[in-house]
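Colleague: I am new to this structure and would like a close look at a single part of it, followed slowly from one piece to the next. Could you choose a place to begin and keep the account connected?

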Amino acid sequence: MVLVTGATGFIGRSLGRALSHAGAPWRPYSGRMSSAQSLRAELEGVETVIHLAGAEARGNNRLLQHVDVAGTQRLIEEARRAGVGRLIVPSRLNADPHAVQPLLRAKGEVERLVQRSGIPYTIVRSATLFGRDDRFSEIIFSLALWSWPLAWAPGGGKAPMQPMWVEDYAHCLLRTLDRPATLDRIVTVAGAERLSYRDILLTILRVTERPRILLPLPPKMARRSAAVLLGWWRWPPVSRYFMDRFFMPEVTDLDAVQRQFGFQPARFRETITYLNRGGMRRRLFRK
Ligand SMILES: NC(=O)c1ccc[n+]([C@@H]2O[C@H](COP(=O)([O-])OP(=O)(O)OC[C@H]3O[C@@H](n4cnc5c(N)ncnc54)[C@H](OP(=O)(O)O)[C@@H]3O)[C@@H](O)[C@H]2O)c1
């Protein structure tokens with residue numbers, strides 16, 4: 001039996017479909033990460049936990065500590081008690097407990113907890129994921145719609161990224177279940193093409209047929225404007241961590257997925273057709 005925390009989230013929804021399609025016995029965790037009691041009850045009879053619950057989308061450092069770091073620690077304690085045989089945990093490229101960026105620091109702390117848990121684990125680090133209802137391509141698209149006739153490219157838009165389709169990532173998580181070679185390892189995956197923010201923005205504008213004049217935004221100004229714009233929201237529609245990823249390379253081997261999981265990941269420009277549907281308000285202002 002596989003227990004999936006965060007099964008209602010962006011990755012969780014794709015993973016749930018993949019697990020059901022593969023006929024794997026699984027159930028979603030329905031409690032909160034703060035409740036040791038719920039964890040204890042729902043971990044009974046569980047062999048593997050895929051731990052997707054996290055507060056990244058909220059963009060709040062306190063919640064990251066509370067849900068991601070303390071929540072993982074609580075899960076580990078209860079999983080040890082329940083005799084869980086394996087933990088599969090997502091993480092991000094550049095995760096590091098000493099990172100300056102709060103999100104990468106929290107992910108680094110979570111990795112360290114999992115590695116020291118004594119429970120057999122696999123950490124699946126990935127680049128930023130895209131897909132229907134993501135917090136990446138849909139936000140870039142919405143910002144470009146709102147800033148007509150311009151489109152801002154933070155930092156000049158040059159830092160390379162390897163965005164990965166969420167369905168491909170879910171597939172990697174699924175395959176991790178029956179790949180002993182991934183045990184007690186950090187596995188790194190990403191898309192098979194290196195794109196700058198500028199490439200991503202231009203591809204989105206081309207696919208959605210929305211011509212814009214590109215305006216490079218110097219890194220300092222981009223960060224300052226984001227801080228001012230998002231600072232007064234309690235729960236901003238765009239995560240406060242959104243900007244961080246555009247100023248440092250987020251890359252790994254181009255053949256990482258093919259080599260470790262035996263398939264070729266989807267290409268960005270062929271997969272973002274979901275952006276053509278309407279509902280800009282829904283994109284930015286959904287929970
Ligand atoms: N998206 C990416 O590009 C990406 C890349 C690499 C790694 N990751 C990591 O993968 C994980 C999942 O990401 P995601 O994009 O799927 O996030 P998401 O869409 O924000 O989903 C988060 C999930 O966690 C649940 N959750 C939040 N707080 C909780 C709490 N206190 N107790 C129990 N459940 C809670 C949410 O349920 P409720 O809505 O009910 O709170 C939701 O199901 C996160 O750790 C994220 O950092 C994401």
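Modeller: Let us begin with one pair of residues: Ser126 stands opposite Val189 in β10. That match belongs to the pairing of β5 with β10, which runs in the parallel sense over five bridges; two strands are said to pair if DSSP finds at least two bridges between them. The elements named here are DSSP runs, numbered from the N terminus, a helix being H or I over at least four residues and a strand being E over at least two. Please keep in mind that this is a predicted model, in which local features need pLDDT of at least 70 and side-chain atom pairs count only at pLDDT 80 or more, while totals for chains, interfaces and linings use all residues. Residue numbers start from 1 along each chain as its sequence is written.

Stepping back from that pair, β5 and β10 belong to an open sheet of six strands with parallel pairing, in the order β2-β1-β3-β4-β5-β10. Each of the two edge strands, β2 (26-28) and β10 (185-189), has a single partner strand, so one side of each is left without a neighbour in the sheet. From one strand to the next, the twist averages 20°, where axes are lines fitted to C-alpha atoms, for helices over the stretch in contact, and angles run from 0 to 180 degrees between N-to-C directions.

Elsewhere in the sheet, strand β1 (residues 2-5) runs parallel to strand β3 (residues 48-51), and four bridges join them; Leu3 stands opposite Val49 of β3. Helix α1 (residues 10-21) packs on the sheet, where it touches β1, β2, β3 and β4 (86-92), and the direction of α1 makes about 160° with that of β1. Helix α6 (residues 166-176) also packs on the sheet, touching β3, β4, β5 (121-126) and β10, with its direction at about 165° to that of β5. Contact here requires that the C-beta atoms of two residues, placed from the backbone, lie within 7 Å.

Now for β5 itself, which is mostly covered, since six of its six residues are buried. A residue is called buried if 20 or more other C-beta atoms lie within 10 Å of its own, exposed if 12 or fewer do, and partly exposed in between, with C-beta atoms placed from the backbone. In a regular strand the side chains alternate between the two faces of the sheet. Both faces of β5 are covered, with Tyr121, Ile123 and Arg125 buried on one side, and Thr122, Val124 and Ser126 buried on the other.

Arg125, a residue of strand β5, repays a longer look. It counts as buried because it has 20 C-beta neighbours inside 10 Å. Leaving aside neighbours within four places in sequence, Arg125 is in contact with Ser91, Arg92, Leu93, Ala95, Ile186, Val187 and Thr188. With Thr188, the C-alpha atoms are 4.7 Å apart in space, although the two residues are 63 apart in sequence.

On another flank, β4 and β5 run parallel and are joined by six bridges, and Arg92 stands opposite Ser126. Between these strands the chain crosses from β4 through helix α4 (residues 102-115) to β5 in a right-handed β-α-β crossover; right-handed means that, with the strands pointing away from the viewer, the path from the first strand over the helix to the second runs clockwise.

At the approach to β10, Asp184 lies in the loop between α6 and β10. Asp184 counts as exposed because it has 12 C-beta neighbours inside 10 Å, and it has a positive phi of about 55° although it is not a glycine. Most residues other than glycine have a negative phi.

Two of the elements already met also reach the ligand. Of the 23 residues around it, Gly6, Gly9, Phe10, Gly54 and Ala57 come nearest, a residue being near if its C-beta atom, placed from the backbone, lies within 6 Å of the molecule. The elements giving two or more residues to this shell are α1, α3 (61-82) and β4. Its residues divide into ten nonpolar, nine polar and four charged, where Ala, Val, Leu, Ile, Met, Phe, Trp, Tyr, Cys and Pro count as nonpolar, Asp, Glu, Lys and Arg as charged, and the others, Gly among them, as polar.
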